[in-house]
Amino acid sequence: MTSGGFIARRARFISVVLLLVAGGTVLLGTTQTWLTAVVAQTDIPVTGSDALPIVQPLALAVLALALVLTLVARVLRYALGVLATAAGVAMTVAIMPVLVERPVTAVATTVTEHTGLAGVEAVADLVTGIALSPWPAVSLVGAVVAVLAGLLTLATAHGWRRGGRRFDTSPAAPSSGPVDPIDSWDELSHGEDPTR
């Protein structure tokens with residue numbers, strides 16, 4: 001058994017699990033303290049959802065994409081793969097400046113709530129330091145995993161098996177024997193006349 005054959009057979013499972021892990025990691029990360037702004041020798045913690053409000057909805061979107069990906073046909077798999085990749089890239093681009101620059105804009109809203117001073121320039125004059133926690137880096141890893149899961153979906157979606165029979169919308173073949181009431185309702189649901 002080659003590793004390529006294993007990945008081809010398990011690609012849907014791997015993609016869905018990676019998207020769930022990615023979305024869950026970023027979502028958890030946004031609930032934690034990312035930055036601590038120092039204002040007048042007072043520490044003001046800033047959560048990820050306050051620092052970057054766009055990241056939490058993107059993480060929820062990735063989780064939803066993972067669940068929908070288990071049910072859809074081939075064309076929609078590609079669309080969901082593109083959306084997952086785009087969401088991962090958007091989260092990555094949003095999180096990187098927090099890690100590299102520690103921008104005042106990320107703490108401005110929370111500092112304004114604590115001090116009453118509004119405006120990025122006023123907050124910048126007030127903040128004497130910004131400390132970084134590990135959570136933005138953890139969230140960045142989750143965002144990168146979302147990108148990889150989206151790319152894996154795009155690369156392997158053509159080889160995924162179809163969903164089970166319960167998702168098949170083709171009408172059932174008419175039976176030649178007596179029809180019970182449940183079968184009659186099923187035939188009506190499929191637009192067939194059960195009284196023939």
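**Overall fold and packing of the predicted model**

The protein chain has eight helices and three strands. The model is predicted. Along the sequence, the elements follow the pattern α-β-β-α-α-α-α-α-β-α-α. The chain holds 196 residues, and buried residues make up 34% of them. About 11300 Å² of the protein chain is exposed, and carbon and sulfur atoms supply 65% of that area. Contacts between residues at least 6 apart in sequence were also examined, and 72% of them join residues at least 24 apart.

The three strands form an open sheet. Their order is 2-1-3, and the pairing is antiparallel. Strand 2 and strand 3 stand at the edges. Each has a single partner strand, so one side of each is left without a neighbour in the sheet. From one strand to the next, the twist averages 25°.

Strand 1 covers residues 33-39, and strand 2 covers residues 42-47. Six bridges pair these two strands in the antiparallel sense. Within this pairing, Ala 37 has Ile 44 of strand 2 as its bridge partner. Strand 3 spans residues 127-132 and is joined to strand 1 by five bridges. These two strands also run antiparallel. Leu 35 is bridged to Leu 132 in strand 3. Val 38 stands opposite Gly 129, again in strand 3.

Strand 1 and strand 2 form a hairpin, with two residues between them. Ala 40 is found in the loop between these strands, and Gln 41 lies there as well. Ala 40 has a positive phi of about 50° although it is not a glycine. Gln 41, also not a glycine, has a positive phi of about 60°. Most residues other than glycine have a negative phi. Ala 40 counts as exposed because its relative accessibility is 63%. Gln 41 is exposed too, with a relative accessible area of 79%.

Helix 5 lies across strand 1, strand 2 and strand 3. Its direction is at about 120° to strand 2. The helix is made up of residues 104-115, and Thr 110 has its place there. Thr 110 has 4% relative accessibility, so this residue counts as buried. Beyond residues up to four places away in sequence, Thr 110 touches Ile 44, Pro 45, Val 46 and Asp 50. Val 111 has contacts of its own. Leaving aside neighbours within four places in sequence, Val 111 is in contact with Ala 37, Val 39, Ile 44, Gly 116, Val 123, Leu 126 and Val 127. Ile 44 is thus among the contacts of Thr 110 and among those of Val 111.

The largest nonpolar core has 40 residues. Leu 35, Met 91 and Val 111 touch the most other members. The elements that give two or more residues to this core include all three strands: strand 1, strand 2 and strand 3. The helices that do so are helix 1 (3-30), helix 3, helix 4 (74-100), helix 5 and helix 7 (135-156). Leu 35, one of the three residues with the most core contacts, is the residue bridged to Leu 132.

Helix 3 covers residues 55-69 and holds Pro 57. At 44% relative accessibility, Pro 57 counts as partly exposed, because this value lies between the 20% limit for buried and the 50% limit for exposed residues. Pro 57 and Met 91 are 34 residues apart along the chain. Their C-alpha atoms are separated by 9.9 Å.

Helix 7 has 22 residues. From its first C-alpha to its last, helix 7 reaches 31 Å. This is close to the 32 Å expected at 1.5 Å a residue. The buried residues of helix 7 include Pro 136, Ser 139, Leu 140, Gly 142 and Ala 143. Further along the helix, Ala 146, Val 147, Ala 149 and Gly 150 are among the buried residues. Leu 152, Thr 153 and Thr 156 are buried as well. An α-helix has 3.6 residues a turn, so residues three or four places apart point the same way. Helix 7 is also one of the elements that give two or more residues to the largest nonpolar core.

Technical notes: Residues are numbered from 1 along each chain as its sequence is written. This is a predicted model: local features need pLDDT of at least 70, side-chain atom pairs count only at pLDDT 80 or more; totals for chains, interfaces and linings use all residues. Side-chain values use heavy atoms; hydrogens and water are left out. Helices (H or I, at least four residues) and strands (E, at least two) are DSSP runs, numbered from the N terminus. Buried means under 20% relative accessible area, exposed over 50%, partly exposed in between (1.4 Å probe, protein chains only). Contact means heavy atoms within 4.5 Å. Two strands pair if DSSP finds at least two bridges between them. A nonpolar core is a set of buried Ala, Val, Leu, Ile, Met, Phe, Trp, Tyr and Cys residues joined through side-chain atoms within 4.5 Å. The expected span of a helix is 1.5 Å times one less than its number of residues. Axes are lines fitted to C-alpha atoms, for helices over the stretch in contact, and angles run from 0 to 180 degrees between N-to-C directions. Accessible areas come from the Shrake-Rupley method with a 1.4 Å probe; for residues, only the protein chains shown count as cover.
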